[in-house]
Amino acid sequence: MKITILGARGSIAISGKEVQEFGGATSCVLVQTDEEALFIDAGTGIISSPDIGERRISVLISHPHIDHLTGLPFFPYIYEKDRQIDVYAVRRGNLSTSMMLDRLISPPLWPLRLADYNSDLVCHDIERAFMIGDIRVDLMEGIHPGGCSIFRITHAGHSLVYATDYEHDEENLHSLISFANNTDLLLYDAQYTDEEYETKKTFGHSTAKIGLQVMKESRAKQMRFVHHDPHHTDSMLREMEQAVRSDSVSYAREGEVIEL
Ligand SMILES: [Zn+2]
Ligand SMILES: [Zn+2]
């Protein structure tokens, strides 16, 4: 699997010279195999998708907060005629995947409806593990306002776990640790410093310190921290990274490629 971090910023997209290194685009990770192009979340990072050739396109949505969906109307492949794009998400707030997308992408909030784009967008409501070609997708429920799915993507004996918009509590942390058991790559929400977390409990995000605990107890082989706070500049993120960095742990940088 070839993993590309297309967006690692949390909450809202930002720009400017102080965020060049880690990037300002919101959540999107591309997983490519020979046959499949699987995008996890459709934040503004999805706008910068590389050329995926003839691979089949699937988009997995962890939850429908705007920062995880707002790139979809500018996804280059949504404009391509004869392209099928399969979008998968768990129903949230009694809304199906298709209803959630329609809420955000339809007048008067947006000039077009999804049905107006050239591609053929097919929405799926998911509840349990399923296959996309030879990729297996497992999911568990994390802790986040409104709910959020954590995904484990497995292909040809390798796996990654995508755990963003996740706030730890003791019981759920145990579930995550066994869910991430022995994974090759853990992507973990470390939006807050320990000090920030003290005033931001219940906001639905975690810290690098807890991420390190998950990595150690799950025996994950490597980890990237994601969902960087929009107020954290490159120099702040470098400083936070310095405290935890090792050969196998760092803060995700937009454009970074990891081969599993
Ligand atoms: Zn988010
Ligand atoms: Zn969220």
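**Packing of helices α2 and α4 and the mixed sheet**

In helix α4 (208-218), the buried residues are Ala 208, Ile 210, Gly 211, Val 214, Met 215 and Ser 218. Viewed along the axis of α4, these buried residues fall within an arc of 155°, so they line one face of the helix. This description, like all that follows, rests on a predicted model. The opposite face of α4, turned away from the buried side, carries the exposed residues Lys 209 and Lys 216. The partners against which the buried residues of α4 pack are α2, β11, β12 and β13. With respect to the strands, α4 lies across β11, β12 (222-226) and β13, and runs at about 155° to β12. The helix is followed by Arg 219, whose phi is positive, near 60°.

A comparable analysis was made for helix α2, which spans residues 170-179. Its buried residues are Asn 172, Leu 173, Leu 176, Ile 177 and Phe 179. They cover an arc of only 160° around the axis, which puts them on the same side of α2. Glu 170, Glu 171, His 174 and Ser 178 are exposed, and are carried by the face of α2 turned away from its buried side. An α-helix has 3.6 residues a turn, so residues three or four places apart point the same way. The buried residues of α2 pack against the strands β8 (135-141), β9 (149-155), β10 (158-163) and β11 (185-189), as well as against helix α4.

The relation between the two helices was then examined. Two packed helices are described by the angle between their axes and the distance between the axes. The axes of α2 and α4 come within 8 Å and cross at roughly 50°. The two helices are therefore oblique to each other, and their crossing is right-handed. On the α2 side the contact is made by Leu 173, Leu 176 and Ile 177, and on the α4 side by Ile 210, Gln 213, Val 214, Glu 217 and Ser 218. Leu 173, Leu 176 and Ile 177 also belong to the buried set of α2, while Ile 210, Val 214 and Ser 218 belong to that of α4.

Seven strands form an open sheet, with mixed pairing, in the order β7-β8-β9-β10-β11-β12-β13. The edges are occupied by β7 (130-132) and β13 (249-251), each with a single partner strand, so one side of each is left without a neighbour in the sheet. From one strand to the next, the twist averages 20°. Within this sheet, β10 and β11 pair in the parallel sense over four bridges. In this pairing, Ala 163 stands opposite Tyr 188 in β11, and the bridge partner of Val 161 is Leu 186. Strand β11 is mostly covered, with five of its five residues buried. Leu 185, Leu 187 and Asp 189 point one way from the strand, whereas Leu 186 and Tyr 188 point the other way, and all are buried.

Ile 150, located in strand β9, is a further buried position, with a relative accessible area of 0%. Apart from residues up to four places away in sequence, Ile 150 touches Asp 138, Leu 139, Met 140, Gly 142, Val 161, Tyr 162, Ala 163, Tyr 166, Leu 176 and Phe 179. Among these contacts, Leu 176 and Phe 179 are buried residues of α2. The C-alpha atoms of Ile 150 and Glu 217, which are 67 residues apart along the chain, are separated by 17 Å.

Several backbone features occur in loops. The loop between β10 and α2 contains Asp 165, which has a positive phi of about 50° although it is not a glycine. At 2% relative accessibility, Asp 165 counts as buried, because the cut-off for this class is under 20% relative accessible area. Asp 41 lies in the loop between β3 (36-40) and β4 (56-60). Its phi is near 70°, a positive value in a residue other than glycine, and at 0% relative accessibility Asp 41 likewise counts as buried. A cis peptide bond, with omega near 5°, leads from Pro 107 to Pro 108. Pro 108 is placed in the loop between α1 (97-104) and β6 (120-125).

How values were computed:
Residues are numbered from 1 along each chain as its sequence is written. Chains are lettered from A and ligands numbered from 1 in the order in which they are written. This is a predicted model: local features need pLDDT of at least 70, side-chain atom pairs count only at pLDDT 80 or more; totals for chains, interfaces and linings use all residues. Side-chain values use heavy atoms; hydrogens and water are left out. Buried means under 20% relative accessible area, exposed over 50%, partly exposed in between (1.4 Å probe, protein chains only). The arc is that of the directions from the helix axis to the C-beta atoms. Contact means heavy atoms within 4.5 Å. Two strands pair if DSSP finds at least two bridges between them. Axes are lines fitted to C-alpha atoms, for helices over the stretch in contact, and angles run from 0 to 180 degrees between N-to-C directions. Angles under 35 degrees count as roughly parallel, over 145 as roughly antiparallel, 65 to 115 as roughly perpendicular and the rest as oblique. A crossing is left-handed if the near helix is turned anticlockwise from the far one by less than a right angle, and right-handed if clockwise.
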